[in-house]
Amino acid sequence: MRIAAVVDSAVEVPPFVSEKVFKVPIYVTLGEERFKDGERSLEWLFKTIRSKNIFPKTSQPTPFDFERVYEHLLKKEEYDHVLSIHLSSKLSGTYQSAVIASSKFKGKISVIDSENAGFAPGILVCRAFQLLEEGASLEEILRDLNELKHRIETIIALESVEFLIRGGRLSGFKALVGSVLKVSPVIRVKAGALEFLKSVRGMKKAFDFIINSVKERVNYDISAIVAHIESRKNAEIFMDELVERIHLKECHLFDVESLTLASHLGPGVGLFTYPSHVKLKV
């Protein structure tokens with residue numbers, strides 16, 4: 001069976017499989033400009049935000065955006081089935097647009113709510129390709145992915161809370177306190193939604209909190225992705241400390257390219273942990 005993988009642009013896919021994946025862009029509006037995620041660079045986005053003091057907004061792809069991609073894959077590329085893996089439905093209507101579009105293709109599309117964002121759904125994509133190589137059936141792949149998504153953890157240290165406040169992703173009081181005190185907020189994705197964990201003074205303390213949190217909670221072999229938005233030096237510092245203090249089967253450092261994620265989070269460093277039997281290089 002030939003299976004295609006489709007994601008949206010709030011999903012980051014490890015470079016090992018990026019050429020195998022089809023991406024449906026989310027729309028970004030900055031001032032008077034509206035464009036598709038991927039049509040501008042992160043450097044341009046942050047330069048414009050800082051020079052004009054305006055913040056971006058995002059809007060989900062339409063069902064028709066998904067329909068065109070699905071039709072191309074099934075009819076022109078002659079895939080047998082499409083796995084469509086997306087940003088949490090609690091963070092965006094993107095998943096629902098994909099579901100609406102999928103209804104026109106009579107069981108040829110499986111839409112998965114990752115209940116996460118960034119590299120977390122990208123890990124699901126890698127696992128799907130891993131299982132395909134091992135000869136798994138579609139039913140086995142879907143069952144595995146729906147179990148795995150609850151074992152992938154995402155925790156993020158941000159340099160500022162400003163983007164979260166302006167984007168309305170964290171409700172007022174805790175976020176406002178973080179802004180006033182000029183501290184770094186630590187957040188995680190829990191059950192598909194963003195959850196505030198702690199505010200600390202400086203990224204170093206944020207990293208220490210994250211590593212201690214992982215050590216306390218995780219009791220099985222894990223691998224990890226460290227990813228950053230315009231914060232490469234901090235990501236390298238964090239990764240060095242992470243691999244020194246926690247035994248990891250694998251650990252990868254990646255740049256975030258998604259304008260959607262950058263628009264809502266701003267500069268920061270994220271950690272994505274997942275069971276070590278999952279292989280990214282497939």
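**Figure 1. Phe 66 and Tyr 70 in helix H2 of the predicted model.** Phe 66 and Tyr 70 are four residues apart in helix H2 (residues 63-76), which means that about one helical turn separates them. The count of aromatic pairs comes to ten. Phe 66 with Tyr 70 is an aromatic pair of the tilted kind, with 6.0 Å centre to centre and 35 degrees between the planes. A ring pair is described by these two quantities, the distance of the centres and the angle of the planes.

**Figure 2. Contact of helix H4 with helix H5.** The axes of H4 (residues 119-133) and H5 (residues 138-148) come within 10 Å and cross at roughly 150 degrees. Because of this angle, H4 is roughly antiparallel to H5, the limit for that class being over 145 degrees. The crossing in which H4 passes H5 is right-handed. From H4, the contact involves Leu 124, Arg 127, Ala 128, Leu 131 and Leu 132; from H5, Ile 141, Asp 144, Leu 145 and Leu 148. Of the residues in this contact, seven are nonpolar, two are charged and none is polar.

**Figure 3. The open sheet of four strands, with helix H5 across it.** The strand order is E2-E1-E6-E7, and the pairing is parallel. Strand E2 (21-24) and strand E7 (109-113) stand at the edges with a single partner strand each, so one side of each has no neighbour in the sheet. On average, neighbouring strands of this sheet are turned by 25 degrees against each other, direction ignored. Strand E1 (residues 3-8) and strand E6 (residues 81-86) run parallel and are joined by five bridges. Val 6 has Ser 84 in E6 as its bridge partner. Helix H5 lies across E1, E6 and E7, and runs at about 5 degrees to E6.

**Figure 4. The open sheet of six strands, with helix H9 across strands E11, E12 and E13.** Here the order is E10-E9-E8-E13-E11-E12 and the pairing is mixed. Strand E10 (193-200) and strand E12 (248-255) are the edge strands, each pairing on one side only. The average turn between neighbouring strands of this sheet is 20 degrees, direction ignored. Strand E8 (residues 153-158) and strand E9 (residues 184-190) run antiparallel, joined by three bridges. Arg 188 in E9 is the bridge partner of Ile 155. Helix H9 (residues 232-245) lies across strand E11 (222-229), E12 and strand E13 (268-275). The direction of H9 is at about 180 degrees to that of E12.

Technical notes:
Residues numbered from 1 in each chain as written. Predicted model: local features only at pLDDT ≥ 70, side-chain atom pairs only at ≥ 80, totals over all residues. Heavy atoms only, no water. Axes fitted to C-alpha atoms, helices over the stretch in contact; angles between N-to-C directions. Helix = DSSP H or I, 4+ residues; strand = E, 2+ residues; numbered from the N terminus. Parallel < 35°, antiparallel > 145°, perpendicular 65-115°, else oblique. Left-handed = near helix turned anticlockwise from the far one by under 90°. Contact = heavy atoms within 4.5 Å. Nonpolar A, V, L, I, M, F, W, Y, C, P; charged D, E, K, R; others polar. Pairing = 2+ DSSP bridges. Phe/Tyr/Trp six-rings, centres within 6.5 Å; stacked < 30°, edge-to-face > 60°.
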